[in-house]
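I opened the model to look up how its helices pack and which of their residues are buried. My notes follow in the order of looking.

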Amino acid sequence: MSAALLRNNKKCNELEDDRESCLHVLTWTALRFTSHTVSGGSTGRLLRAFDEEYEDEEGVKGGDLKRGFLATREIPRVVKFDRRPQLDKLIRELTEAFAVCYEEPPSAEQLNVLNQMLSSNVPPSFLHENTAFKYQKHLNDLVTPSWLVDTFRRHLNADFWPPSDEARGQPIGTGSSKKRARDQGKLEVRIPGTKSQRRSDGTSLRSGS
């Protein structure tokens, strides 16, 4: 779920929120099941962002850590995945795009500079480095119908993925696992006619009766 939805219980779910959730699912899965440069303890710290919850007068909320990771670009800055440069680039590109949802918009002076550059027909290489231009481009990308799928395809089609890409489980913090167990328990209560089974790892599994 997007940081914006988690932080505001009254916000309507929009396309940008669904697309941001794709980034969070990708990042959590990669951190959890891909070898990378961050130690086990730090991995748990990063994973806590995806299970953050607190309660105030408006109810249960979360998303502050997700918002912080997007605004500071911390995950793509500190995490490098083993032999998967395109995964690094994909997460970095998506993080840059969704970060604009939590940043201050360009100032009037910055917009004025951009307008001057556009009227002067400056080379695209200069234009693409302009702060206001990048901000507006990211906003436009987030609502473009094919943008997210095209971005994934572009990185998946690159020739830098290892031939054997099996999952490699990474340590997960106890705080995350406990919250996920609670959430799973709440879900099972809502599903009638289920019975408990036992996985080989000793955890509980519900199946239809």
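Entry 1, helix H10. I started with the buried residues of H10, which pack against H2, helix H6 (85–99) and helix H9 (131–143). The model is a predicted one, which I keep in mind throughout. Which residues of helix H10 (residues 147–156) are buried? I listed Trp147, Leu148, Thr151 and His155. Looking down the axis of H10, I found these buried residues within an arc of 100°, so they line one face of the helix. I noted the general background: an α-helix has 3.6 residues a turn, so residues three or four places apart point the same way. I then turned to the face of H10 directed away from the buried side and found the exposed residues Arg153 and Leu156 there.

Entry 2, overall counts. I stepped back to the whole chain and counted eleven helices and four strands in the secondary structure. The protein has 209 residues, and 36% of them count as buried. For contacts with a separation of 6 or more, I looked up the share from residues 24 or more positions apart, and it is 63%.

Entry 3, H2 and H3. I next checked helix H2 (residues 15–33) against helix H3 (residues 40–47). Their axes come within 10 Å and cross at roughly 160°. The cut-off for roughly antiparallel is over 145 degrees, and H2 and H3 are therefore roughly antiparallel to each other. I recorded the handedness of the H2 and H3 crossing as left-handed. Which residues meet at this crossing? From H2 I noted Trp28, Leu31 and Arg32, and from H3 Thr43, Leu46 and Leu47. Sorted by class, the residues of the contact of H2 with H3 are four nonpolar, one polar and one charged.

Entry 4, burial in H3. I listed the buried residues of H3 as Thr43, Gly44, Leu46 and Leu47. They cover an arc of only 160° around the axis, which puts them on the same side of H3. Thr43, Leu46 and Leu47 had already come up as the H3 residues that meet H2.

Entry 5, H7 and H9. I returned to H9, this time for its packing with H7. The two helices pack at an angle of about 90°, with their axes 8 Å apart. That angle makes H7 roughly perpendicular to H9. On the H7 side I found Gln110, Leu111 and Leu114 making the contact, and on the H9 side Thr131, Ala132 and Phe133. By class I recorded four nonpolar, two polar and no charged residues for the contact of H7 with H9.

Entry 6, positive phi. I looked up two backbone values in loops. Phi of Arg73 is near 55°, a positive value in a residue other than glycine. Arg73 sits in the loop between helix H4 (64–72) and helix H5 (74–78). Is Arg73 buried or exposed? Its relative accessible area is 18%, and the cut-off for buried is under 20%, so I entered Arg73 as buried.

Phi of Asn121 is also near 55°, again positive in a residue other than glycine. I placed Asn121 in the loop between helix H7 (108–119) and helix H8 (124–127). Asn121 has 67% relative accessibility and counts as exposed.

Notes: Residues are numbered from 1 along each chain as its sequence is written. This is a predicted model: local features need pLDDT of at least 70, side-chain atom pairs count only at pLDDT 80 or more; totals for chains, interfaces and linings use all residues. Side-chain values use heavy atoms; hydrogens and water are left out. Axes are lines fitted to C-alpha atoms, for helices over the stretch in contact, and angles run from 0 to 180 degrees between N-to-C directions. Angles under 35 degrees count as roughly parallel, over 145 as roughly antiparallel, 65 to 115 as roughly perpendicular and the rest as oblique. A crossing is left-handed if the near helix is turned anticlockwise from the far one by less than a right angle, and right-handed if clockwise. Contact means heavy atoms within 4.5 Å. Ala, Val, Leu, Ile, Met, Phe, Trp, Tyr, Cys and Pro count as nonpolar, Asp, Glu, Lys and Arg as charged, and the others, Gly among them, as polar. Buried means under 20% relative accessible area, exposed over 50%, partly exposed in between (1.4 Å probe, protein chains only). The arc is that of the directions from the helix axis to the C-beta atoms.
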